[in-house]
Amino acid sequence: MKSSLTNMVVVLTGVSVIMGAVLAGVNHITTPAIAAINQKNTQTAIANVLPGIKTDKIEDKDTIMNIGGKGCSFVLHKAISGSQWVGTAVESTSLGFGGDLKIMVGFDKEGNVLGYTLLAHNETPGLGAKADTWFQEGQKGNIISKNPQTPLTVKKDGGEIDAITASTITSRAFLNAVNNAYQAIAESPTDATTSASSHK
């Protein structure tokens, strides 16, 4: 093929169309698999943050709450046993040292923390990243069994929670995510049933 601007445009257009079709095909094939993996990971996280809670189903609900003058989104996973609400796992995000810090935290009916897991973060390895264990039961910053009705804060801010060593910003972000999750439950009707999905 003779080298010319027209021929180059035709070739590039053809390559772009072919690659677009390939990418669309790959996306079509992988999307259901990725969705299934994400669903399984969510179910595992819910089970981890609601230890000892037996459920017949989980009711998933997206909600937006006004915090500091801006809308913050949460996903509430309400655990139902029979017809009774027995606890809630909440996906909550706060701004950490390196970017968004996303957690799932579980509460019983009284609002006591049952467990938590880090879903995503960009915190410094060896420092802020310690949040995955630092606030667990038996650790220095233990928040398990605490109730954020009175917001949880680090000792540097007058609270009772030990901050991660050299990572006060991450600690504040983590506790903000927990406190906000508690508020999301407090502002959400406990008898609402939306998007119910069965998890045993």
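Which residue forms a salt bridge with Glu59, and how far apart are the closest N and O atoms? In this predicted model, the partner of Glu59 is Lys57, and the closest N and O atoms of the two side chains are 3.6 Å apart. The two residues differ in their exposure to the surface: Glu59 has a relative accessible area of 3% and is therefore buried, whereas Lys57, at 28%, counts as partly exposed. The pair belongs to a set of five salt bridges held by the structure.

Two further salt bridges were examined in detail. In one of them, Lys102 is paired with Glu91, with 3.4 Å between the closest N and O atoms. Because Lys102 lies in strand β4 and Glu91 in strand β3, this pair ties together parts that are eleven residues apart in sequence. Lys102 is partly exposed, at 31% relative accessibility, while Glu91 counts as buried, at 13%. In the other, the side chains of Asp157 and Arg172 meet with an N to O distance of 2.8 Å. Asp157 is located in the loop between α2 and α3, and Arg172 in helix α3, so that this salt bridge ties together parts 15 residues apart in sequence. Asp157 is partly exposed, with a relative accessible area of 42%, and Arg172 likewise counts as partly exposed, at 33%.

The aromatic side chains were considered next. A search of the whole structure finds three aromatic pairs. In the pair formed by Tyr116 and Phe174, the ring centres are 4.8 Å apart and the planes meet at 65°; because this angle is over 60 degrees, the pair is edge-to-face. The pair links distant parts of the chain, with Tyr116 in strand β5 (residues 113-120) and Phe174 in helix α3 (residues 168-186), 58 residues apart. Both Tyr116 and Phe174 are buried. Phe174 also forms an aromatic pair with Phe135, and this pair is stacked, with 4.3 Å from centre to centre and 5° between the planes. Phe135 lies in the loop between α2 (131-134) and α3, and Phe174 in helix α3, so the stacked pair ties together parts that are 39 residues apart in sequence. Phe135 is buried, with a relative accessible area of 0%, and Phe174 likewise counts as buried, at 0% relative accessibility. Through these ring pairs, Tyr116, Phe135 and Phe174 are linked into a cluster.

Phe135 and Phe174 also appear in the description of the nonpolar interior. The largest nonpolar core comprises 31 residues, of which Val105, Phe107, Phe135, Ile143, Phe174 and Val178 touch the most other members. Two or more residues are given to this core by each of β2 (70-81), β3 (84-95), β4, β5, α2 and α3. Helix α3 gives the most, with eight residues. Apart from this core lies another, of nine residues, including Ala45, Ile46, Val49 and Leu50.

The surroundings of two members of the largest core were then listed, with residues up to four places away in sequence not counted. Val105 is found in strand β4 (residues 100-108) and, with a relative accessible area of 0%, is buried. The residues touched by Val105 are Val49, Thr88, Ala89, Val90, Val113, Gly115, Tyr116, Val178 and Ala181. One of these contacts, Tyr116, is part of the aromatic cluster with Phe135 and Phe174, and another, Val49, is listed among the residues of the nine-residue core. The C-alpha atoms of Val105 and Ala120, which are 15 residues apart along the chain, are separated by 13 Å. Val178 touches Ile103, Val105, Phe107, Val113, Ile143, Pro148 and Leu152.

A nonpolar feature is also present at the surface. Leu5, Met8 and Val9 make a nonpolar surface patch of about 310 Å². Met8 is found in helix α1 (residues 5-49). The relative accessible area of Met8 is 46%, so this residue is partly exposed.

Definitions and conventions. Residues numbered from 1 in each chain as written. Predicted model: local features only at pLDDT ≥ 70, side-chain atom pairs only at ≥ 80, totals over all residues. Heavy atoms only, no water. Patch = residues over 30% accessible without salt bridge, like charges linked within 9 Å, V, L, I, M, F, W, Y side chains within 5 Å. Areas by Shrake-Rupley, 256 points an atom, 1.4 Å probe, with all protein chains shown as cover. Salt bridge = Lys/Arg side-chain N within 4 Å of Asp/Glu carboxyl O. Helix = DSSP H or I, 4+ residues; strand = E, 2+ residues; numbered from the N terminus. Buried < 20%, exposed > 50% of the residue type's maximum accessible area, 1.4 Å probe, protein only. Phe/Tyr/Trp six-rings, centres within 6.5 Å; stacked < 30°, edge-to-face > 60°. Contact = heavy atoms within 4.5 Å. Core = buried A, V, L, I, M, F, W, Y, C linked by side-chain atoms within 4.5 Å.
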